Amino acid sequence: MKTIDISPYVSQPTASSVVRGACPHDCPDTCALLTTVQDGVATQVQGNPDHRHTAGVLCTKVSRYTERTYHPERLMQPLKRVGPKGAGQFEPVSWDAALADIATRLQGIAARNPQAIVPYSYAGTMGLVQAESMAARFFNQLGASLLDRTICSSAGTEGLVHTLGGKVGMRVEFFAESKLILIWGSNSIGSNLHFWRLAQEAKRGGAKLVCIDPRRSETADKCHEHIQLLPGTDAALALSLMHELIVHDWLDHDYIAQHTVGWEALKARALLWNPQRAAQVCGVPEAQIIQLARDYGTTKPAAIRLNYGMQRVRGGGNAVRAVACLPALTGAWRHRTGGLLLSSSGQFPVDKAALQRPDLLAGKTPRTINMTTIGDDLLRESSPTFGPKIEALIVYNSNPVAVAPDSSKVVAGFARDDLFTVVLEHFQTDTADYADYLLPATTQLEHWDIHISYGHTDVLLNRPAIAPVGQALPNTEIFRQLAQRMGYTQPCFTDDDLTLCRTAFGASVDFDELLTHGFASLQLPEAPFAQGSFPTPSGKCEFFSQRLQNAGMDGLPSHIPNDEPAGVNANFPLAMISPPARNFLNSSFVNVQSLRDIEGEPLLEIHADDAAARGIETGQVVRVFNPRGSYRCKAKVSNRARPGVVNGLGIWWRKLGLSGTNVNELTSQRLTDLGRAPVFYDCWVQVEMTND
Ligand SMILES: Nc1nc2c(c(=O)[nH]1)N[C@H]1C(S)=C(S)[C@@H](COP(=O)(O)OP(=O)(O)OC[C@H]3O[C@@H](n4cnc5c(=O)[nH]c(N)nc54)[C@H](O)[C@@H]3O)O[C@H]1N2
Ligand SMILES: Nc1nc2c(c(=O)[nH]1)N[C@H]1C(S)=C(S)[C@@H](COP(=O)(O)OP(=O)(O)OC[C@H]3O[C@@H](n4cnc5c(=O)[nH]c(N)nc54)[C@H](O)[C@@H]3O)O[C@H]1N2
Ligand code: SF4
Ligand SMILES: [Mo]
């Protein structure tokens with residue numbers, strides 16, 4: 001029997017030290033961490049004051065990182081299911097026994113068809129190494145199904161790719177010098193704290209801050225103006241802003257002529273959207289749109305912090321396209337302080353091929369499973385179009401039973417007795433309850449990793465600060481061990497984590513600088529598109545996209561209404577959005593008591609008018625339902641909700657909800673216009689009082 005040597009992961013305890021790291025969470029800020037270690041125990045996690053983007057400050061969640069790391073419910077050893085699927089009953093098992101059995105089961109399935117095995121992972125850690133490096137090599141060699149990782153950002157990404165050419169944009173630090181900032185589809189105080197610091201700096205310098213959001217968020221409270229539009233109407237608003245820019249001639253004609261494609265066509269489209277029409281569609285006062293257009297057209301420099309909150313609807317990709325056209329119309333890109341930022345991650349020269357080794361597929365062309373439709377896909381039989389029925393699922397860095405849409409389908413899929421499920425986790429999450437094998441993974445304090453960011457442009461290195469807790473192993477080591485047991489003998493399956501960190505950027509980032517400082521800035525121009533040079537096929541900002549038209553779609557950005565808008569279906573008249581809670585990160589941290597104490601309990605924010613019409617008061621238990629499912633939680637009558645729209649905050653663990661469900665019981669598996677992404681915020685519901 002093989003025995004696992006964990007000595008490479010055990011650092012020698014020293015009396016006291018401070019270890020440089022990076023926050024692993026799915027957050028645009030990617031903070032630099034300093035972990036204080038005392039006799040081998042992490043005692044404190046702080047923000048690194050030397051890292052300009054972190055500036056010594058962490059959010060509440062990660063300041064409590066030691067509470068999460070040493071949580072009494074941390075998984076300490078491999079576990080094997082003993083009860084029925086989903087009951088969460090396990091018995092301890094050795095690593096050797098667990099891995100040997102998993103390898104045998106996978107080999108059996110692979111002998112019939114390796115595509116019946118599906119990896120399921122997202123951004124539990126954003127680290128390039130603990131996410132898709134050894135894991136990707138393993139699944140490529142196996143010939144498992146590929147996973148389309150769409151659950152978060154792919155609609156917006158495609159919108160950006162088809163307009164600006166990639167996940168590129170303003171350097172975040174220059175927002176501090178802006179005179180007008182539109183915070184569009186983002187609750188920055190909750191989900192992008194370090195950007196909010198820059199916005200505050202701009203505000204002190206005289207900038208006007210405008211928040212565009214259906215919810216009166218903490219951020220909306222603190223902006224000068226709040227445009228509280230209906231969910232999924234952002235493209236209509238953007239087209240109407242264009243209308244006003246055109247009729248008032250607040251345009252940079254020279255920039256448009258030199259650096260854009262499709263101006264005449266876009267102009268004709270925008271002229272169909274006078275503020276009166278947009279006001280009706282968006283559900284906001286016409287005067288507010290006119291004023292916003294005036295501000296945007298006449299304030300220089302003007303910057304847009306677009307975020308993913310506005311693309312989780314049917315027309316999310318087109319909405320991003322429409323907004324992304326605005327800075328080119330006014331020539332805002334000429335200034336380092338003008339333009340737009342949705343994501344900066346496209347600017348990092350990651351050597352994905354070296355990390356993930358797609359060459360190991362060796363001519364195999366597995367099918368792709370969309371992670372958003374895992375509910376339906378787990379319930380499908382084999383067919384010529386779908387391919388083989390899914391027989392095994394290996395889940396890491398994700399909690400699909402809580403976060404994927406249309407949970408009742410997801411749960412039914414995970415509950416299949418003939419599905420073999422392996423979950424790599426820190427905790428016994430909703431998903432872990434369904435595992436056949438539950439394997440304990442290390443946290444960021446216990447492993448090496450290297451990070452890009454989607455909110456700034458620095459690379460960060462994460463050093464392990466402490467030895468693994470219990471018998472936990474890094475994801476990489478678990479896949480290395482599995483590879484060995486599957487008989488994969490290629491040298492790439494023995495690369496250690498430090499080698500993988502070095503592989504991520506090759507020579508394009510100075511690794512010694514990372515080892516010394518913990519972070520390194522990319523060398524980038526201050527104003528990336530001052531002279532055009534967009535990374536599109538035409539080299540211009542593409543108002544009109546030939547690629548989209550060739551694919552049978554509208555070449556121009558358009559307003560595509562929600563499938564499930566407010567006030568249209570008499571049975572389900574309310575629209576529900578379910579944005580993140582400030583003290584959780586998606587479904588992570590929900591089990592950390594001190595953070596749960598701040599969030600309280602799952603709540604539905606409802607406007608006083610909608611509450612009164614249903615006899616609902618704050619604190620009452622309500623049933624929120626639609627044809628897909630039903631969810632019980634407490635109501636909070638609040639002006640954070642606009643009339644017609646209810647807000648179900650945070651991705652609570654189902655098992656902590658009143659009846660063992662969460663908001664995703666209500667969301668649908670339909671996909672967005674671009675990017676095959678979920679439509680979490682395009683979801684009609686009815687709400688009623690309940691006495692049970
Ligand atoms: N504290 C905390 N931080 C997080 C997360 C978390 O769960 N908690 N999640 C992380 C992740 S995974 C991501 S992807 C990012 C997300 O980052 P953002 O996209 O910035 O997400 P939020 O801050 O939730 O902002 C979404 C906002 O969009 C609003 N919104 C909903 N529908 C619409 C719409 O149709 N139009 C417009 N204009 N606005 C709309 C919501 O009300 C909400 O206030 O945040 C990351 N940071
Ligand atoms: N209704 C609704 N649903 C949503 C959203 C919404 O706004 N509304 N937001 C969506 C978005 S934007 C996203 S990004 C997804 C997020 O969905 P997920 O990516 O699944 O994110 P989390 O819920 O944080 O779950 C991550 C899990 O990974 C585990 N983990 C962390 N680090 C490691 C590690 O190193 N190794 C292993 N093995 N495990 C680790 C954590 O313990 C955690 O349980 O949810 C989506 N779902
Ligand atoms: S979650 Fe975001 S704000 Fe909090 S420490 Fe991590 S990167 Fe920084
Ligand atoms: Mo996300």
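**Exercise 1.** How many nonpolar, polar and charged residues does the shell around ligand 2 have? Identify also the residues that come nearest to ligand 2 and the domains that contribute to its shell.

*Solution.* The model is a predicted one.

Step 1. Sorted by class, the shell around ligand 2 has 12 nonpolar, 15 polar and four charged residues.

Step 2. Of the 31 residues around ligand 2, those that come nearest are Ser398, Glu425, Ser587, Ser588 and Tyr681.

Step 3. Domain 2 (79–149 + 362–461 + 468–521) and domain 4 (568–689) each supply at least three residues to this shell.

**Exercise 2.** Determine which polar contacts link arginine 68, alanine 123 and glutamate 425 to ligand 2, and how much of the ligand the protein covers.

*Solution.* A polar contact requires N or O atoms within 3.5 Å.

Step 1. In the side chain of glutamate 425, an N or O atom is 2.5 Å from an oxygen atom of ligand 2; for the side chain of arginine 68 the corresponding distance is 2.9 Å.

Step 2. Alanine 123 contributes a polar backbone atom, 3.4 Å from an oxygen atom of ligand 2.

Step 3. Of the 920 Å² of accessible area that ligand 2 has on its own, the protein covers 97%.

**Exercise 3.** Explain why ligand 1 lies between two domains, and describe its contacts.

*Solution.* Step 1. Ligand 1 lies between domain 3 (156–342) and domain 4 (568–689) because both give residues to its shell.

Step 2. The side chain of aspartate 213 places an N or O atom 2.5 Å from an oxygen atom of ligand 1.

Step 3. Backbone N or O atoms also take part: that of asparagine 586 lies 2.7 Å from an oxygen atom of ligand 1, and that of isoleucine 212 lies 3.1 Å from a nitrogen atom of ligand 1.

Key. Residues numbered from 1 in each chain as written. Chains lettered and ligands numbered in written order. Predicted model: local features only at pLDDT ≥ 70, side-chain atom pairs only at ≥ 80, totals over all residues. Heavy atoms only, no water. Near = heavy atom within 4 Å. Polar contact = N/O pair within 3.5 Å; in protein donor to acceptor, adjacent residues only side chain to side chain. Areas by Shrake-Rupley, 256 points an atom, 1.4 Å probe, with all protein chains shown as cover. Nonpolar A, V, L, I, M, F, W, Y, C, P; charged D, E, K, R; others polar. Domains from an automatic or database assignment.
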